[in-house]
Every structure is written in structure tokens, then in C-alpha cells.
Amino acid sequence: MKILGISGLDQSLPFRRRQWPGLDEREYRIAQGQDSAAALVLDGQCAYAAAEERFSRRKHSGEFPAGAINFCLKEAGLSIDDIDEIAHGFDYSPYKSIFRLDPISACQYKIVYSREALVGAVQRHFPQFPSERITQVNHHLAHAASAYYTSGWNECLVIVLDGMGEVDSVSVYLARDGHLERIHRIPATDSIGILYSLITLHLGFDFNADEYKIMGLAPYGDPARFRSFFNQVVTFGDNGSIRIPILRMQSDGNENTYHATRELLAGSLIKERQPDEEITDEHRDVAAALQEVLENTLLYVCGYFGSCTGMRKLALAGGVALNCTANGKLLQSGHFDEIYIQPAAGDDGVALGAALHRSAMAGSIVNKRQKVPFLGPSYQNGNIASALRHHANQIEVVPFSTFEETCLEAARFIQEGKVIAWYRGRMEFGPRALGHRSILADPSRPEMRDRINAMVKMREAFRPFAPAVAIEEVHHWFDVPPGAELPYMITIVDVREPYRAELPAITHVNGSARVQTVSATDNGDFHTLLEAVGRATGRRMVLNTSFNVKGQPIVNTPNEAIETYLRTGIDYLFIENTLIRRKCSDAVLAPKS
Amino acid sequence: MSTCIERIQNIFSQVLYRDVQSPQADLFETGLLDSMGLVELLFNLEQQFGFQPDINNLDFDQFRSIESIANLVESSGAGQNS
């Protein structure tokens, strides 16, 4: 079976723009269907997957994932005619009649959500693909499938939490013997994900995009100041349900901008912050209290269903599962023996899940734990040489004959306090750079955080950077058991007290870090680099952040890597076994072997 | 024991947080029932009464007021043992 999964609703934003011109630009993002992607599942296992933003170069793009599909097909050596089925990670068809309730909703259904819209989008790009081979998968079921069928577990609890999938915000599944059975749902009108995104918007950031920044801001604040507000806003039922009545406040009909809820926030919480305004203690305290209520909600829902099902293994997916701090609290809670968070937990992962679900329905599934998701494109020497030639008047190039020599030189730069970009192999699937499209530096240098924030990432100074550490010594630096596997950089743990001062560039203000463990078996090249770094610095650890600048998707091609390098303050760029530096750079290179 | 109308009134006030003036009030005209509200109402009718209408052939007039919803639920036979 060759099943192509896709996600995104390509008419979602255009419809809102046409229907409601004049909304604030950030209000247009209050919509489903962003982060489109494609994933190709061959005989029950994912072979290729990528988000469309990496091809369109528009961050969080919800456009039809033609670029990602073409990548999957090309890499697999297939044409669209070879594909048995295209599965989409949304299915609004059960709600078709409800959208007839008013003319605007009916129009929105027809243009954005309907099967006809999906088939039309597919056939605009692939006219010969038969409509009967295009299928729709419920959004949360697709998220759940992405977690269960890559967990490697036969039996577990699967919980999906996001802003909204069709009409739900949380779905709880029992997974057993290859089947997923939904046992509970929480409607979108009680969505902890939407509440988090609305407060993100209220604090001057972007809805459905910048929630991780609020998570980063939270440890700077004190949750006590606004705790009672959030405890009144979010209440827990006695059956695993949550209630958030302020999300039901109506005032703007179909525009769906939560205007009345935001008015209430302005009146009862704090006034709305504009994006260019200074961030004050008030904003930090709101972020802290919001993060606390999210963590409490996650612990309550997961704990409740863990307890009543007796399940000790939990698989998580959905955008809320990208909240690394909450994941860390869940891990420490003792509610579960093992927790697996599907690394592409956002809506890009729905492409993967839709394909896996349909593959499972066809009896063709291989439920094996997903290694580090290097499922995206890689580029051959020809592409790299072409990119180098294209920038020949701006760069100097030093090729190395072996990977070991490349690592030696990269480790020397890191030890000297340089910032390097590290580009090799297949691109990561999901929001994190895990060692193939990364910016790396020495985590022990106090100035490194400000330097990368200001000169390279051009981003908010409060945001922390993450460490990548060889799995053999993770327990030495961090408060985890020996051999703890955290390969997806999706969980916060504590830096051990004696080492917090020694690791200032990756230790957050509350002593935590979003650690990535790197093993020789699952992430071999990156592990080899960390071994070299260990020999140079005494620490098999680097600061690892994604290779992009603010507002830009992570680089995909060698050309994008060079262009991004040239317009930032990154000291050196490594593409595979080639070192690249600016012609004007006055750094001294080691002699070439 | 609560009547069907009272139980549906309770769904509106306690679950949907909508203040409906009377069982005869027009839920659509007054903007008290939109598409998301209708989805949530159907979910709660199923939970509380076991009422499962054909969602693809809804007659919206039957959902126009709490009274008409109660008539629909009672005539379907749902909730008699609930």
C-alpha cells in the first residue's frame, strides 16, 4: 500500500480574508487548517514527510502541500498514479448539515471544509487522481494514529489535545491490538488550547504560532498574581472534563475572533498588549499563571483517564503536546510509567496520522517506535556544488575528506566560542531541528544566549535555548535517570543544581532545560559530532537551535542554508563535509588534511 | 423528577451557558444557538437522553426553541428510561 497523507485547509485563511476584510492581521490566524504537510506511508511505515512551509517558505503555511507531495513522490521514485490513496487529516462531513444553519457558515463549509473543496484542491495539482481514492480522516483520529502507530506499543492510552479539530479540543482513545477506540471527548467550546492561544494573542503574540514563546516567558513571572482568575476561568468536572465558559461568549457571529472573550480579558485580567509594547512583569505573571493552568489541566485530564483505564503508557499528540514544560510536569507526575510524545505533534503530524490510519484500516501497518524523524529531503553533491558556485563571490569553501575531520574542525570552533550552522542529511519532520538543520554553540558561555538571540535568531531575548547531549552523559548534567531517552527535544527537565552556573546558555531562569538526547544508533552523525565536542570541551553537549531567523521556516535547501548564513552573524557554516565562511571573515582556519 | 423541557433548559444554562428567556424563545433569531452550539447541544442530548438524530438530515425548525427540541426528543422515544 502506498498512502499519501496530507494536512491543511488551503482555503481557510483566504476565505476569512475575503469574507471579513479589515480584521487585524493577527486575527486572521484564528482559524483551523494551518501547518499543511505531506507524508508518504509505504507498506505501513512512513518513508517521507515534510511540512509545506519548508517549500513555500511561508511559515505555518496552510496552502495545499504540493511542494511536500512532490518531494515525497520524487524521493520514492513514484508518480501520483502509483499512489493508492490520498488521506486528508480533516473530516467535516458529519457536520455538513449543521453548517447550513446560516448562509456564511454554509459558504464556509462549501469553500473550506467540504469534500468537494478537498477533491478540487487535489485535482488542481494532480488532475488525473481519481476522486474515489481521496479519503477523509477525523482530525483527532489522525493525531491519535500518528502517536499510536509510531509508539511501538500494542496497548496504551492515547490523548490528543489541541486548539480545535473539527468540533473537539480533546479526544481520549484506548489503543489496543492495532485499533483506536475513542472513550471521551471535550468540545472546542472548552478548549484549553484555544484559551492558551487567545492569551498568547492578548499578550501581543501570534495565535496558532507563538504559544511556545509564552511558555518561554512564563518562568520569568509569578503565577500567584493571576492564579485565582485562571482557576475561575478553567474548572474541572468529575468525569475528566474541563469547562471554560468564557470561550462561549458570543458577539461577533461567524468572524470567530473571540471579541467578547478578549474584551473580558481586557477588563478582568490585563489590557491587551500590542506587539511592539514593552513586556512588563504584568505580562510575565499572566504567562506564568496561564502556563500553570495548562499544566494543571494536562495533569488532570491525563491523570484521570490514566487512573480509570489503568493504562501506564501514554501517547500524546496535538498542538498542546508541543508544550515542553507541561510535558515535563506530566513526566514527573508518576501518572504513567512511560510517555511517548509524537514529535510532529502539531498539524503537520496529521498528514502522517491520516496516512497511518488508512494504512491500518487496510491491514497494512508496522507499529514501530519512530526514531529521530529525519523524514524530509536531503540534497546530493550536485545541488550543494551548485549552491556553492552561486555564492562563489561571497564565500570561501574548505572541503574535508572525511566526516571525522569535519567534526574535529566544527568541535574546535565550538570550543573557541564560535557559532556554527550545521547542515547535513535529511531534514527533520516536525518543528524542532534535531541535528540536521541546526545552529550550534558552546552552552557554557554566558554571552552565547544574548549573542545568538540578537545576532543570529533576531528574536526575543527571554527565549531560552536547548541543549543536545550525548545520551551516555545526560544523567550527569540533567535530573534524569541514566540512559533516559528524550530524542525529540519536546520535554523540559531540570539542569542538576551544581551545573546550572556552568551551563548558562541553555539553563532557563527556573533551572530547567528543553533537553535533546542523542544516541549513536538513532542520530549517528550528530552523536559523532558530540563525541568530538566532548574531546574539545570536556562536555558532549552543544546548544542546539533551529537553523532559521525570526519569521523564517527552518532552512531546507543548501542554497537557503548559505543565504541564511550570509545574512546572519553565524561564524561558520558546515554543509555535509564542507566548511563555508564569508570572504571577509578574518578567522584562522585549521590546515586542511 | 425533571421534565424533558427542564432538562433541556438545564443543558442551555449549565452546559452551553446560554440564558434563554422562555421555552418558546426563538434560539436562532436571538443568536443563542449557532453551529458550534448546535454541535454541543446534540452531544449533550445524546449523553443525557440517548437521542441520536440523523445528523445529515436535520430539520432546523425542530431545534428552534427549547419546547420544540423537547417535543423532538420525546417523540423519538429517547430518554424515557434516562
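Let me start with salt bridges across the interface of chain B and chain A: the rule finds 1. This is a predicted model, so please take every value that follows as computed from it. The bridge joins Glu40(B) to Arg248(A), and the closest N and O atoms are 2.3 Å apart. Polar contacts come next: 7 residue pairs across the interface of chain B and chain A, both residues at pLDDT 80 or more.

Which elements of chain B give two or more residues to the side that touches chain A? They are helix 1, residues 4-15, and helix 2, residues 35-49. Helix 2 of chain B provides the largest share of that side, with 7 residues. If you sort the side of chain B that touches chain A by class, you get 14 nonpolar, 4 polar and 3 charged residues.

Now the extent of the contact. Chain B contributes 21 residues and chain A contributes 20 residues. Between them the two chains bury about 1800 Å², and 60% of that is on carbon and sulfur atoms. Three residues to look at on the chain B side are Tyr17(B), Met36(B) and Phe60(B). Together they supply 29% of the area that chain B buries against chain A, more than any other three residues.

I will leave the interface there and turn to a sheet in chain A. The sheet is open, has 5 strands in the order 8-7-6-11-12, and its pairing is mixed. Which strands are at the edges? Strand 8, residues 179-187, and strand 12, residues 338-341, are the edge strands of chain A, each pairing on one side only. From one strand to the next, the twist averages 20°.

At the strand 12 end, the partner is strand 11 of chain A, residues 313-317; the two pair in the parallel sense over 4 bridges. Within that pairing, Ala315(A) stands opposite Tyr340(A) of strand 12.

Next, the helices on this sheet. Helix 11 of chain A, residues 281-309, packs on the sheet and touches strand 6, strand 7, strand 8 and strand 11. Its direction makes about 150° with that of strand 6 of chain A. Helix 6 of chain A, residues 139-148, lies across strand 6 (155-165), strand 7 (168-176), strand 8, strand 11 and strand 12. Helix 6 runs at about 140° to strand 6 of chain A.

To go back to the interface for one last look on the screen: the pair to display is Glu40(B) with Arg248(A), the salt bridge.

Definitions and conventions:
Residues are numbered from 1 along each chain as its sequence is written. Chains are lettered from A and ligands numbered from 1 in the order in which they are written. This is a predicted model: local features need pLDDT of at least 70, side-chain atom pairs count only at pLDDT 80 or more; totals for chains, interfaces and linings use all residues. Side-chain values use heavy atoms; hydrogens and water are left out. Two strands pair if DSSP finds at least two bridges between them. Axes are lines fitted to C-alpha atoms, for helices over the stretch in contact, and angles run from 0 to 180 degrees between N-to-C directions. Contact means heavy atoms within 4.5 Å. Buried area is the accessible area (1.4 Å probe) that two parts lose on being put together, summed over both. A salt bridge is a side-chain nitrogen of Lys or Arg within 4 Å of a carboxyl oxygen of Asp or Glu. A polar contact is a pair of N or O atoms within 3.5 Å; within protein, one must be able to donate a hydrogen and the other to accept it, and residues adjacent in sequence count only if both atoms are side-chain atoms. Ala, Val, Leu, Ile, Met, Phe, Trp, Tyr, Cys and Pro count as nonpolar, Asp, Glu, Lys and Arg as charged, and the others, Gly among them, as polar.
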